[in-house]
Amino acid sequence: QVQLVESGGGLVQAGGSLRLSCAVSGRTLSRYAMGWFRQAPGKDRDFVAAISRNGASADYANSVKGRFTISRDNAKNTVYLQMNSLKPEDTAVYYCAAKDTTASSSYNYYTRRYEYSYFGQGTQVTVSS
């Protein structure tokens, strides 16, 4: 069983930056492809970013491309989401997600919510205009 704990959320003005962290425990991070999702009030939980188990491949939602960067430090068992040029529409609860991919290519990443087995409790990001 793996546990995911997000941190780094908060209130920021439009145009500002935040860095979210996802601490992984219970199993080594190197087993997992990782993703970030977000959910605004009254909306579905949407894909934001994903990174492969080896960190060599990544993908982003069109709405965040060029502004957000996902990265991972397997030695620290932590995944990050650097968010720059934040907009009010980025306001949401952000969730970290993990998928055990030891049986598949280390270059694969996953963009669909149902593909992930584990989610954290989320961290609130609020962007004021």
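**Strand β8 and the largest pocket**

Good morning. I begin with a single pair of residues: A23 stands opposite T78 in β8. Please keep in mind that what we are viewing is a predicted model.

That pair belongs to a longer contact. Strand β3, residues 18-25, pairs with β8 in the antiparallel sense, over 6 bridges. Strand β8 also has a partner in β7, residues 68-73; these two strands run antiparallel and are joined by 6 bridges. Within this second pairing, R72 stands opposite V79 in β8.

The connection between β7 and β8 deserves a moment. The two strands form a hairpin with 4 residues between them. In the turn, N77 has a positive phi of about 55 degrees.

How much of strand β8 is buried? Of its 6 residues, 78-83, 5 are buried, where buried means under 20% relative accessible area. The strand is therefore largely enclosed by the rest of the structure.

I turn now to the largest pocket. Its volume is about 160 Å³. The lining comprises 15 residues, and those closest to the centre of the pocket are R38, A40, K43, D46 and E89. Which elements give two or more residues to this lining? They are β4, residues 32-39, and β5, residues 45-51. Strand β5 supplies the largest share, 3 residues.

As to the chemical character of the lining of the largest pocket, its residues divide into 6 nonpolar, 3 polar and 6 charged.

To close, I return to strand β8: it pairs with β3 and with β7, and 5 of its 6 residues are buried. Thank you.

Definitions and conventions
Residues are numbered from 1 along each chain as its sequence is written. This is a predicted model: local features need pLDDT of at least 70, side-chain atom pairs count only at pLDDT 80 or more; totals for chains, interfaces and linings use all residues. Side-chain values use heavy atoms; hydrogens and water are left out. Buried means under 20% relative accessible area, exposed over 50%, partly exposed in between (1.4 Å probe, protein chains only). Two strands pair if DSSP finds at least two bridges between them. On a 1 Å grid over the protein atoms alone, a cavity is a set of points where a 1.4 Å probe fits but cannot get out, and a pocket is an open set with protein on both sides within 12 Å along at least five of seven lines; lining residues have an atom within 4 Å of a point. Grid points are joined across faces, edges and corners, and a volume is the space filled by probe spheres set on the points. Ala, Val, Leu, Ile, Met, Phe, Trp, Tyr, Cys and Pro count as nonpolar, Asp, Glu, Lys and Arg as charged, and the others, Gly among them, as polar.
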